[in-house]
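Dear colleague,

I am passing on the structure below, together with some notes on what was found in it. Please read the notes with the coordinates open beside them.

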Amino acid sequence: MPGMWLGAWAWQDVASRLAEAGHDPRPVTLSGVAERAAEATPQTDLDTHVADVVALVEGADLRDVVLVGHSYGGMVVSVAAGLLAARLRRVVYVDSGALPEGTSQFDTNPPEQQERILAEIGDGFLASVPPFLPDPDDPSLAGLDADRLALLRERATPHPFASARQPVHYHPDFSSVPSALITCMFPAAQVHEMIAAGHPYFALLAGPDVLELPTGHWPMLSRPTDLATLLTPL
């Protein structure tokens, strides 16, 4: 599952490597984004995106599934996992995590950033695409060369804002699904410390395996081969 602004296209390099390793990857484009941008409405929310995932898994009668969510996609796979628990082997968070019950993606922004985002959106219903311009002072862009940044600028699309405003609510079965975390922006040792301290972003994870992939926030584009290597045995 991609994060905000991206579609299945962002996972193609990773998916091709997983397929070569014998897996059956199913990159997902969520409603209202990328090639489905025309479907976006003010009502396209987190529930809509969870329904996308549930429909894919149940519609194809998939079993022994590993759900992978990047960034905002972590919210989607977390909620979907509770509804699909009997069909899942694991949930994998890529530079993401399971937010606390009742928390939204928007809530994770500091107040001043929330005000700026709301001012930008105004009376609209789409969150603007970041500029994705070269910036050596922005650690989230680490590992992205000029071609990858240009690809993001070309293919990223505005994201339905209601999905970032809707709080997560978990099915009780969510806690039964094993999880793994691939951390890019934080060292694994720091993540372990945060888990031990009961940090709310990780408190709901069921004893996750923590794997480190040092790069920026977009590893499927900055280090696709290495990301696929970490995902393959999971």
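The notes below deal with the sheet and its helices, then two polar residues, then the salt bridges.

This is a predicted model, in which local features need pLDDT of at least 70 and side-chain atom pairs count only at pLDDT 80 or more, while totals for chains, interfaces and linings use all residues. Residues are numbered from 1 along each chain as its sequence is written, and side-chain values use heavy atoms, with hydrogens and water left out.

Helices (H or I, at least four residues) and strands (E, at least two) are DSSP runs numbered from the N terminus, and two strands are taken to pair if DSSP finds at least two bridges between them. On that basis there is an open sheet of four strands in the order S1-S2-S5-S6, with parallel pairing, whose edge strands are S1 (65–70) and S6 (209–212). Four bridges join S5 (residues 179–183) to S6, and Leu-181 has Val-210 as its bridge partner in S6. Helix H3 (residues 73–84) lies across S1 and S2 (88–94), running at about 155° to S1, and helix H7 (residues 188–196) lies across S5 and S6, at about 155° to S6; these angles run from 0 to 180 degrees between N-to-C directions, with axes fitted to C-alpha atoms, for helices over the stretch in contact (heavy atoms within 4.5 Å).

Within helix H3, Ser-78 is buried (under 20% relative accessible area, where exposed is over 50% and partly exposed is in between, with a 1.4 Å probe and protein chains only). Its side chain joins that of Tyr-93 in a polar contact of 2.6 Å (a pair of N or O atoms within 3.5 Å, one able to donate a hydrogen and the other to accept it, residues adjacent in sequence counting only if both atoms are side-chain atoms).

Asp-95, in the loop between S2 and helix H4 (111–121), is buried yet has no salt bridge (a side-chain nitrogen of Lys or Arg within 4 Å of a carboxyl oxygen of Asp or Glu). A polar atom of the Asp-95 side chain does, however, lie 2.9 Å from the backbone nitrogen of Cys-184.

The structure holds 10 salt bridges. One of them joins Arg-36 and Asp-52, with the closest N and O atoms 3.9 Å apart, and it links a loop between helix H1 (12–20) and helix H2 (46–59) to helix H2 itself, 16 residues apart. Arg-36 is partly exposed at 23%, whereas Asp-52 is buried at 15%.

With best regards

Notes
Lys and Arg count as positive and Asp and Glu as negative; His and the chain ends are not counted.
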